[in-house]
Amino acid sequence: MTHALPDGHPYDRLVGPFHDTDGLAHSRSVAPETITTAALDDRLVACQLDGGGWVFPVWQFTDAGGARPDVHALWAVLRAGGDRWMCALWLRSPQPELGDRTALDWLNDGRPVDAALDLARAAVLSWAS
């Protein structure tokens, strides 16, 4: 099941679409608590809503439903210095160093993750200053 943020919310357009916890748990045949734990441990790209629920961008998964290692490598670097929404927005924001592609588009084009990882590390350093 996909989940949308409140109508017109800019994060829905920029970061979504999303799975919600129950939908993702059902599709993976696990308990919702397993999905929440994975979110809290940063094993999934997950952002928390104001009401406390979680949403999971669909672009972090392969067509077969598995987690994309390249996306999660970027997530791990970004989460070292940013909150969840900031990190998700960075992944979906055009980067001049990637030819004005987003990091996700860069990866989808079959480009090497190393260039995106370098930019993610630089972003984390800039957030800290």
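Which side chain meets Asp42 in a salt bridge? Here are some notes on that and on the helices, with the reminder that this is a predicted model.

1. The partner is Arg84, and the N to O distance in this salt bridge is 2.8 Å. Arg84 sits in helix H5 (residues 84-91), while Asp42 belongs to the loop between helix H3 (32-40) and strand S3 (47-48), so the pair ties together parts that are 42 residues apart in sequence. The two ends differ in their surroundings: Arg84 counts as buried at 13% relative accessibility, whereas Asp42 is partly exposed at 25%.

2. Next along the chain from Asp42 is a salt bridge between Asp41 and Arg43, whose closest N and O atoms are 3.3 Å apart. Both of these residues are partly exposed, Asp41 with 48% relative accessibility and Arg43 with a relative accessible area of 49%.

3. Asp109 and Arg101 also meet through their side chains, in a salt bridge of 3.0 Å from N to O. Asp109 is partly exposed at 47% relative accessibility, and Arg101 is partly exposed too, with a relative accessible area of 25%. Elsewhere, salt bridges with shared partners join Asp42, Arg79 and Arg84 into one network. Over the whole structure, the search finds seven salt bridges, so you may like to have the ones above as a starting list.

4. Now to the helices, beginning with H4 (residues 69-79). Its buried residues are Val71, His72, Leu74, Trp75, Val77 and Leu78. These pack against H5, helix H6 (103-108) and helix H7 (113-128). H5 is also the helix that holds Arg84.

5. How many residues does H7 have, and what does it reach from its first C-alpha to its last? There are 16 residues in H7, and the helix reaches 23 Å, close to the 22 Å expected at 1.5 Å a residue.

6. Which residues of H7 are buried? They are Ala116, Leu117, Leu119, Ala120, Ala123 and Val124. Because they cover an arc of only 165 degrees around the axis, they lie on the same side of H7. The other side of the helix has Asp114, Leu125 and Ala128, which are exposed.

7. What covers the buried residues of H7? The cover includes H4, H5 and H6. This fits with the view from H4, whose buried residues pack against H7 as well as H5 and H6.

Key: Residues numbered from 1 in each chain as written. Predicted model: local features only at pLDDT ≥ 70, side-chain atom pairs only at ≥ 80, totals over all residues. Heavy atoms only, no water. Salt bridge = Lys/Arg side-chain N within 4 Å of Asp/Glu carboxyl O. Buried < 20%, exposed > 50% of the residue type's maximum accessible area, 1.4 Å probe, protein only. Helix = DSSP H or I, 4+ residues; strand = E, 2+ residues; numbered from the N terminus. Contact = heavy atoms within 4.5 Å. Expected span 1.5 Å × (residues − 1). Arc of directions from axis to C-beta.
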